[in-house]
Amino acid sequence: MPTTPPSPHSFAPALLRRGKFHNPGGHGAQGLPSVLRWLASRARGPWPTSVSDVHVAPPASRVDDGTIRATIIGHATVLVQVGGINFLTDPVMSSRIGPTSWLGPKRVRPPAVPFDEIPKIDVVLLSHDHYDHLDRPTLAALARRDDPLLLTGLKVGAKLPSRRIVELDWW
C-alpha cells in the first residue's frame, strides 16, 4: 500500500541560526527513516526513456517594449524577458542530473530551447541547490558565455562556478 511522501517544506520561512537552517514550529521534513520508508513503499508508474517535444522558436534577444515574455525551457528553467533584461531561473541543460556527469537520472525530455538558442542572460535566479535546479555544467557554460549575476539563497554561493553571486536571506 503506497504511503504519502513526507512534506519536505514548511510554509513558514526557514531561519538561519548558528550556521544551520531551522523550520520554526517544528514543521517540515519528517526525518530520514520516514523518507526511506516512503521510498521503499511508494508505487512507481512506468517511466519513459524519451519524450519528444515540438521545438520552440528561438526567443527574442531582448524584450523592451513594455511587455513581459516567459519561455518555459523545461522543469523549473524559465526565460523571463522584461525591461531589456533576460532572467533565467534554475537553468538545467545537462543530459544527466546528479552529483557527477554519469550518476543520476537521464533527461527524458530535451530542453524546449537549446542552450545555443538562449539569448545572453543578465541574471540567473537559483531557487535552491538540488541537482534538478542547480546544474553546475550549465551554470559554468553561462558564466563563460555571459557572466550573469547569480541570485540565490544563503549558503549556496560556494557551490557556484561564478564570480558574480548575491546570496539572499528569506524576506
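Here is a walk through this structure, from the overall layout down to single residues. Keep in mind that the model is a predicted one.

Let's start with the big picture. The chain has two helices and eight strands. Reading from the N terminus, the elements come in the order β-β-α-β-β-β-β-α-β-β. There are 171 residues in the chain, and 30% of them are buried. The accessible surface adds up to about 11,200 Å², with carbon and sulfur atoms accounting for 61% of that. What about contacts across the sequence? If you take the contacts between residues at least 6 apart in sequence, 49% of them join residues at least 24 apart.

Now for the inside. In soluble globular proteins, nonpolar side chains tend to be buried together. Here, the largest nonpolar core has 15 residues, and the members touching the most others are Ile73, Ile121, Val124, Leu139 and Leu160. Take Ile121 and look at what surrounds it: leaving out residues up to four places away in sequence, Ile121 touches Leu79, Asn86, Leu88, Leu142, Arg145, Asp146 and Pro148.

Helix 2 is a good place to go next. Its buried residues are Thr138, Leu139, Ala140, Ala141, Leu142 and Ala143. Which strands do the buried residues of helix 2 pack against? They pack against strand 5, strand 6 and strand 7, the last of these covering residues 149-153. Just after the helix, Asp147 takes a positive phi of about 50°.

From there, hop over to strand 6, which spans residues 123-125 and includes Val123. Val123 counts as buried because its relative accessible area is 11%, and the cut-off for buried is under 20%. Setting aside neighbours within four places in sequence, Val123 is in contact with Ile85, Asn86, Phe87 and Leu88, and also with Pro148, Leu149 and Leu151. Leu150 belongs in this picture too: 27 residues separate Val123 and Leu150 in sequence, yet their C-alpha atoms are 5.9 Å apart.

Val78 tells a similar kind of story in strand 4, which runs over residues 77-82. Apart from neighbours within four places in sequence, Val78 is in contact with Ala70, Thr71, Ile72 and Ile73, along with Phe87, Leu88 and Thr89. Between the C-alpha atoms of Val78 and Pro91 the distance is 7.6 Å, and the two residues are 13 apart along the chain.

Time to turn to charges. Side chains of opposite charge can pair when their charged atoms come close. The whole structure holds five salt bridges. One of them brings together the side chains of Arg62 and Asp122, at 2.3 Å from N to O. This pair links distant parts of the chain, 60 residues apart: Arg62 sits in the loop between helix 1 (32-41) and strand 3 (68-74), while Asp122 sits in the loop between strand 5 (85-89) and strand 6. Are these two residues buried, exposed or something in between? Arg62 counts as partly exposed because its relative accessibility is 33%, and Asp122 counts as partly exposed too, at 21%.

Another salt bridge joins Asp65 and Arg69, with 3.8 Å between the closest N and O atoms. Asp65 is partly exposed at 49% relative accessibility, and Arg69 is partly exposed with a relative accessible area of 38%. Then there is the pair of Asp146 and Arg145, whose side chains meet in a salt bridge at 2.8 Å, N to O. In this pair, Asp146 is buried at 8% relative accessibility, whereas Arg145 is partly exposed at 33%.

Finally, have a look at Asp135, in the loop between strand 6 and helix 2, a helix that covers residues 136-145. Which side chain of opposite charge is nearest to Asp135? That would be Arg107, 6.0 Å away. Asp135 is buried yet has no salt bridge, because a salt bridge needs the nitrogen and the carboxyl oxygen within 4 Å. Asp135 does have a polar partner, though: its side chain and that of Ser94 are joined by a polar contact of 2.8 Å. Beyond its neighbours within four places in sequence, Asp135 is in contact with Pro91, Val92, Met93, Ser94 and Ile97.

Terms used:
Residues numbered from 1 in each chain as written. Predicted model: local features only at pLDDT ≥ 70, side-chain atom pairs only at ≥ 80, totals over all residues. Heavy atoms only, no water. Helix = DSSP H or I, 4+ residues; strand = E, 2+ residues; numbered from the N terminus. Buried < 20%, exposed > 50% of the residue type's maximum accessible area, 1.4 Å probe, protein only. Contact = heavy atoms within 4.5 Å. Lys, Arg positive; Asp, Glu negative; His and termini not counted. Polar contact = N/O pair within 3.5 Å; in protein donor to acceptor, adjacent residues only side chain to side chain. Core = buried A, V, L, I, M, F, W, Y, C linked by side-chain atoms within 4.5 Å. Areas by Shrake-Rupley, 256 points an atom, 1.4 Å probe, with all protein chains shown as cover.
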